[in-house]
Every structure is written in C-alpha cells, then in structure tokens.
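Biologist: Please take me through the terms used for this model. I want each label set against its cut-off.

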Amino acid sequence: MQLVLQTGAHFTEQERLIKSVLRNKESFAQRGIVVPGPNSYRGLVRETLNAMRKTPASPQAREVLLDVMLDGTPAERLILSDANFFRTAGTAIQEGILYPAAAGRMAHMAALFPDDEVEIFLAMRNPATFIPIVYGTAIDQSDDAFWGGRNPQDVRWSDTIADIREAAPNVPITVWCSEDTPVIWSQIIRELGGLDPHEKIAGGFDLLASIMSKEGMERLRSYMHLHQDISEIQKRRVIAAFLDKFALEDEIEEELDMPDWTEELVDELTDLYDEDMLTVQRLDGVRMIAP
C-alpha cells in the first residue's frame, strides 16, 4: 500500500488543503485512494508515535491503525494529514532547529509501516514569516530553549529535510514553498492523490477563492473555461497575473510581531531562504513542486 503523509508545516494552509483533498473523497475512492477524516486517526497516530519514543511498537500496531483509518475499505493509496506528525507548533523550533523531532518521528512511522510505500509531503515557509508565528506559539520562548545560541540566519529547512532522509532513507519527500501555493494548489492535490497532471479534480481553486476578490475569481473561471486547452505552466502564469490584479491585500499581507525584527533582517532571511531552496532541491530523494 502507498501511505502518503502530508506533514504540514504548521501555518501553511494545512487544514484548507486536506479539506480540498476531501472534496475528492468519492472519486478518489473509485481509484483505491482513501482519504479518512482527520479526526479519525490524528489522536491515535500521535499517541502511537509518542509511545514509540520509549518502546518499539507491537507487530500488531500497523493493523490496529489501518483498521481505524480504513474501517474495512480496501485501499491502494492512503492519504493522512497532520501538521503535528512532526510534533506541535509549540515545539516547531527548538535550539534554532526547525522540527528537531521530525527525523525520529518519521523513522518511527516508517517502522510502523515497514512493507508499505511511505511518502512525505511538506510545505515549507520563509523563516522570515514563519519564525515570528512559531515564536508566538512556542512552549518555551527563552533564548536557550528557542535559539540555543543560533541566529535566525542559521534556520534551514534543508537541515531538517536532510535529517529526515538520513533517518528514513526509504521514504521519499515531496516539498513546495508555501508562498507558491496559490498557483500550484491543484497540482498539490493531484500529487497527493498520485494522479496525472491533467486529470480533473474538485477544489483546485479553493485557496484562490479565499485570497482573490469575487470579481477576480469570476473572471478567472471564465477565462479558464474559454481556454481549456492551455498547458499547466500557462495556467499558473494566468493565475499569477490574476492574483497580481485581484488579490485581497488584507488576506495576503502579514504583520510580523517579533522582537528586533527589521526590514533588513526580513530581506536577508528571504535571500537565505531562496538559497536554501536550491539546497533542498539537490537533496537525494527529495522532489520539489515549483510554479
């Protein structure tokens, strides 16, 4: 069985994404793709992973979990979604490291499903905007606990992803930048379902509808209806053009509430993020969805 883990990150439209995927639940099921409701498994998986920090899971753990997730439904591909697979937002940064528990927890997940094809899907986000939000939710905001002697410039997604790959080398990872999500939303849904690029899905405009004016969405849908033969790349260019003209500023602008955060630091972190994405793309076993 193929087991797809959509692991967040936190504050990257995680919940909206799984809701869009769930809109395809019936059509996916006809292909052997099962998307259980998140509330049916999140607590159980979390408890299992937490318990595995002290003792290995029993040989029956996989079957117990699948009984809950599938409820007797046959599946070739199972899609699970929880930003807390890597632990909570309150521990998303510790000692200057993004999701330090991620590698160990994904190794445990691979051990739970040793004969299945486990895949990780992860949205990353610019540390310039991610760190302030995570800092606000951190369990311990002290310098030692949060930064551990490191600087904002030292925070790298590539470090975390490389650690996961080392801990679970048989688990491929598909990543994308949260900032690109509006123009690649439909592709992300297809990739989660293992579908071909041009197959029809529901929910492909769900995110756009929340950040674009009603007039803009109506014009975009009309344009897409009249130009159904354009390529995926052309669609993304069209979406980007409509966003540029019709985006709702209140929905896309953010206030960064972080001590000593300056515009110069934000610019520096953004440049480092761009460089880090090149490093991520070069990691073995990692594939990036890009506009």
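What follows is a short exchange on overall shape, two arginines and one helix.

Modeller: This is a predicted model, where local features need pLDDT of at least 70, side-chain atom pairs count only at pLDDT 80 or more, and totals for chains, interfaces and linings use all residues. Residues are numbered from 1 along each chain as its sequence is written, and side-chain values use heavy atoms, with hydrogens and water left out.

Biologist: How do you know that the radius of gyration agrees with a compact globule?

Modeller: The rule is 2.2 Å times the number of residues to the power 0.38, with the radius taken over C-alpha atoms. For 291 residues that gives a radius near 19 Å; the chain has 20 Å, so the two agree. The C-alpha atoms fill a box of roughly 55 × 55 × 30 Å along the principal axes.

Biologist: What makes a run a helix or a strand, and how many of each does the chain have?

Modeller: Both are DSSP runs, numbered from the N terminus: helices (H or I) need at least four residues, strands (E) at least two. The chain has 14 helices and eight strands.

Biologist: Why is Arg-165 called buried?

Modeller: Buried means under 20% relative accessible area, exposed over 50%, partly exposed in between (1.4 Å probe, protein chains only). Arg-165 has 12%, so it counts as buried. This residue lies in helix H8, residues 157–167.

Biologist: What makes the pairing of Arg-165 with Val-171 a polar contact?

Modeller: A polar contact is a pair of N or O atoms within 3.5 Å; within protein, one must be able to donate a hydrogen and the other to accept it, and residues adjacent in sequence count only if both atoms are side-chain atoms. Here a polar side-chain atom of Arg-165 lies 2.8 Å from the backbone oxygen of Val-171.

Biologist: Why is Arg-156 called partly exposed?

Modeller: Its relative accessible area is 24%, so Arg-156 is partly exposed. Arg-156 sits in the loop between H7 and H8. Beyond four places in sequence, it touches Leu-98, Leu-272 and Asp-276. Contact means heavy atoms within 4.5 Å.

Biologist: What makes helix H6 mostly covered?

Modeller: Eight of the 11 residues of H6 (residues 127–137) are buried. Among them are Phe-130, Ile-131 and Tyr-135. The cover includes strands E4 and E5 and helices H7, H8 and H14.

Biologist: Which residue caps the N-terminal end of H6?

Modeller: Asn-126 does, with a side-chain oxygen 2.9 Å from the backbone nitrogen of Ala-128.
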